[in-house]
Structures are given as C-alpha cells and as structure tokens.
Amino acid sequence: MKYAKNILETIGNTPLVKLNKVLGEDFPALVLAKVETFNPGNSVKDRMALKMIEDAEKDGRLKPGGTIIEGTSGNTGMGLALAAIIKGYKCIFVTNSKQSKEKCDILRAVGAEVIVCPTDVKPTDPRSYYSVSKRLAKETENGWYVNQYDNLSNRAAHYESTAPEIWEQTEGKLTHFVVGAGTGGTITGCGTFFKEKNPDIKVIGIDTYGSILKEFHETGELHYDHAYTYITEGIGEDIIPENYDMSVIDHFEKVTDKDGAIYARKLAKEEGIFCGYSAGSAIASLIQMKDQFTKDDVIVVLLHDHGSRYVGKIYNDEWMKEMGWLE
C-alpha cells in the first residue's frame, strides 16, 4: 500500500503547469507555473517551516514540549503549525493588521495562538510584530523564536528541495526563474542552486512599491525611511533579512498593489489556478517585462500560496470597489 506516514511527508513534489491565456496570446516565451498550493499547508512556506524545525531540533534550540514563536504573514505560521501538531509543540504567532482575516482564522483553526500588531510602525518599534515576537520568545518558558528572516535554514530548504524539483521538471532547460521576494529564502535558495547549474539563468525577484528590496539591490544602500505602507501581502520588505544573497539575483521588478490584485483574479478566471496576492504580482511582472523575453525562453514562475487566504480581500468585489480597483 502507498501512503504517507503523516501529513509532513506530503510536502514538496508540486506540479509545473503551463500558462496558456493570462499572459496574452502574443507572449513570446513558454511560461511554466510552479504551483506551490499543492503543499498540505497550501503554500511554499511548508518546505522551509519543516526544515527550520528539524534543524532546530538537531542542534537543541527546540526542545521537547517547546513553544514555537514566530512573526509571520500567515503562510510560514501554517507550515510551522502543521509540523508542530505532528511533533508535539505549541505555537504562538505574531502578525500585523495588514494580513487577511482568513490567515489569522486558519492559524487558530490548527491550534495556534495568534497576536495581531499594528502595521504602520517601524520594525524597531516595540509594538511591531518583529519586536513583539522577539519579546515573547524571551518571556516564554521553553520558547524558540524561529526568525524566518535571518534563519538560514529557510534558504537551505529551497536549495535542497524546491530548486532541484524545478531543475528536474524542466530537464535543466529553464532560462528565467521569477519569484516574489519577501524573507529572501526562496529566491536566494533557488537562485544559488540555478546559478551553480547554469550561471546564465536569470533570477528575477518581484517587489512591491513601498518595499526597499529593489533599491538596496541596485544601490547597495539602506534607506529604511524610504519604506512605506503597501497593501500587497507576502512580498516586499522594510528590512533586509540575512537570508538574502543579492549576488544571485539579476533583477527586481516592482508591481503596484492594484496590478497584483487584478492579475491574481485573472489567473483564477483564465487559468483555473486559484492563488494568492503575490501570484498576481508575479503574473503582472511578466507582462511588464514582456519585451525582454524571446520565443526560446523557458520561464518558471513560482506561485506562493492559495487564493482561499484572500477571499475577503482581492477576491471580494466590494473590497476591490472600495479600493477603486473594480468598476
């Protein structure tokens, strides 16, 4: 009989799906979507959540019966929660008020305690979700602060699993890897693997207006005061996490909040692929960069998470109308 011993064994081996309509008939290249919603927690973050826990168990940072504490936009929390259920840990997740209600409800549904912090504060502010999660880790007995931003097991997970899968699925023929950039784990882990295999592969990060990633990549200068609040979830940063290795990234493409939302909806209606906000941003970026591609290119675009996380926002007509993005 073929079966998984537990839900964690179903992480990975997600499909690669050709995009046919959403980019338009005249889009020059072959575009293949790595649909990470097939992971049990419905996002790419399942991969690194399990890896971070296993590595922490090995070196003693996470002890039996411990409490996992993390600042998360929702998807990493889901991956951590699934692993915690199987392995016997408690979870406390700290998020910000920008995140969808669905994400918080889903985390509570799998047994996590969820604390919501304000969005419009600096990362160093004691009220920020970065600061609150660090404080809770110190105050909680047998607590372990995951810190997905600076925990290098994050990028190692994608170097070890996500990138090799894509390489095998494309038979090494991909020419471009396009992915939303947030903590830096996926783009750096995959980018490092691909550059080792073929330095000519272009690694493109999707950023959003209000984030400082693109500016830092292009100038090497950190201007935290250039960050401002944006609506897009899951990509962009107002800090530079240690998971980044900017040398393996060729380009950052910025996408507006509006275009990310609109193209996520188009992806669902035209391809039958129901994904989250950052997937829409990734599709919009390809259209923006259309003139840079040729008929010989093979583009792999990674779609991070599931549309069910956003039914109260980008998939809600009233919300879209309130934003002025839907007639």
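**A walk from helix 5 outwards**

In this predicted model, Glu171 is found in the loop between helix 5 and strand 7. Although Glu171 is not a glycine, its phi is positive, at about 55 degrees, and this residue comes just after helix 5. With a relative accessibility of 62%, Glu171 counts as exposed, because the threshold for that word is a relative accessible area over 50%.

Going back along the chain from that loop, one reaches helix 5 itself, which covers residues 153-169. Its 17 residues, at 1.5 Å a residue, should span 24 Å, and since the C-alpha atoms at its ends are 24 Å apart, the expected and the computed lengths agree. The helix nevertheless bends by about 35 degrees at Tyr159. Which residues of helix 5 are buried? They are Ser153, Asn154, Ala157, His158, Thr162, Ala163, Glu165 and Ile166. These buried residues pack against several other elements, namely strand 2 (30-35), helix 1 (45-59), strand 7 (176-180), helix 6 (185-197) and strand 10 (298-303).

Two of those partners, strand 2 and helix 1, are joined by the loop in which Thr37 has its place. Thr37 counts as buried, with 9% relative accessibility, and its contacts help to show what surrounds it. Once its neighbours within four places in sequence are left aside, Thr37 is in contact with Asn42 and Ser43, with Phe274 and Cys275, and with Leu303, Asp305 and His306. Of these, Leu303 carries a number that falls within strand 10 (298-303), one of the elements against which the buried residues of helix 5 pack.

At the other end of helix 1, the loop that leads to strand 3 (67-71) contains Gly66. Is Gly66 buried or exposed? Its relative accessibility is 0%, so Gly66 counts as buried. Not counting residues up to four places away in sequence, Gly66 touches Tyr89, Lys90 and Asn142. Between the C-alpha atoms of Gly66 and Ala109, which are 43 residues apart along the chain, the separation is 20 Å.

The cysteines call for a separate look, as the structure holds zero disulfides. Cys104 takes part in none, and the nearest cysteine sulfur to its own, that of Cys117, is 10 Å away. Why does Cys117 form no such bond? Its closest cysteine sulfur is the one in Cys104, and the 10 Å between them is too far for a bond, because a disulfide requires the two sulfur atoms to be within 2.5 Å. Both residues are buried, Cys104 with a relative accessible area of 8% and Cys117 with one of 5%.

Another region to examine is the second largest pocket, which has a volume of about 180 Å³. Its lining is made up of Pro123, Thr124, Tyr130, Ser131, Lys134, Tyr145, Asn147, Tyr149, Asp150, Ile239, Ile240 and Pro241. Helix 4, which comprises residues 129-139, gives the most to this lining, with three residues.

The last stop is the segment before strand 1 (16-18), where Asn13 lies. Like Glu171, which also is not a glycine, Asn13 has a positive phi of about 55 degrees. Asn13 is exposed, with a relative accessible area of 68%, and Glu171 likewise counts as exposed.

Conventions
Residues numbered from 1 in each chain as written. Predicted model: local features only at pLDDT ≥ 70, side-chain atom pairs only at ≥ 80, totals over all residues. Heavy atoms only, no water. Buried < 20%, exposed > 50% of the residue type's maximum accessible area, 1.4 Å probe, protein only. Helix = DSSP H or I, 4+ residues; strand = E, 2+ residues; numbered from the N terminus. Expected span 1.5 Å × (residues − 1). Bend = angle between axes of the 7 residues up to and from the residue. Contact = heavy atoms within 4.5 Å. 1 Å grid on protein atoms, 1.4 Å probe; cavity = no way out; pocket = protein on both sides within 12 Å on 5 of 7 lines; lining within 4 Å. Points joined across faces, edges and corners; volume = space filled by probe spheres on them.
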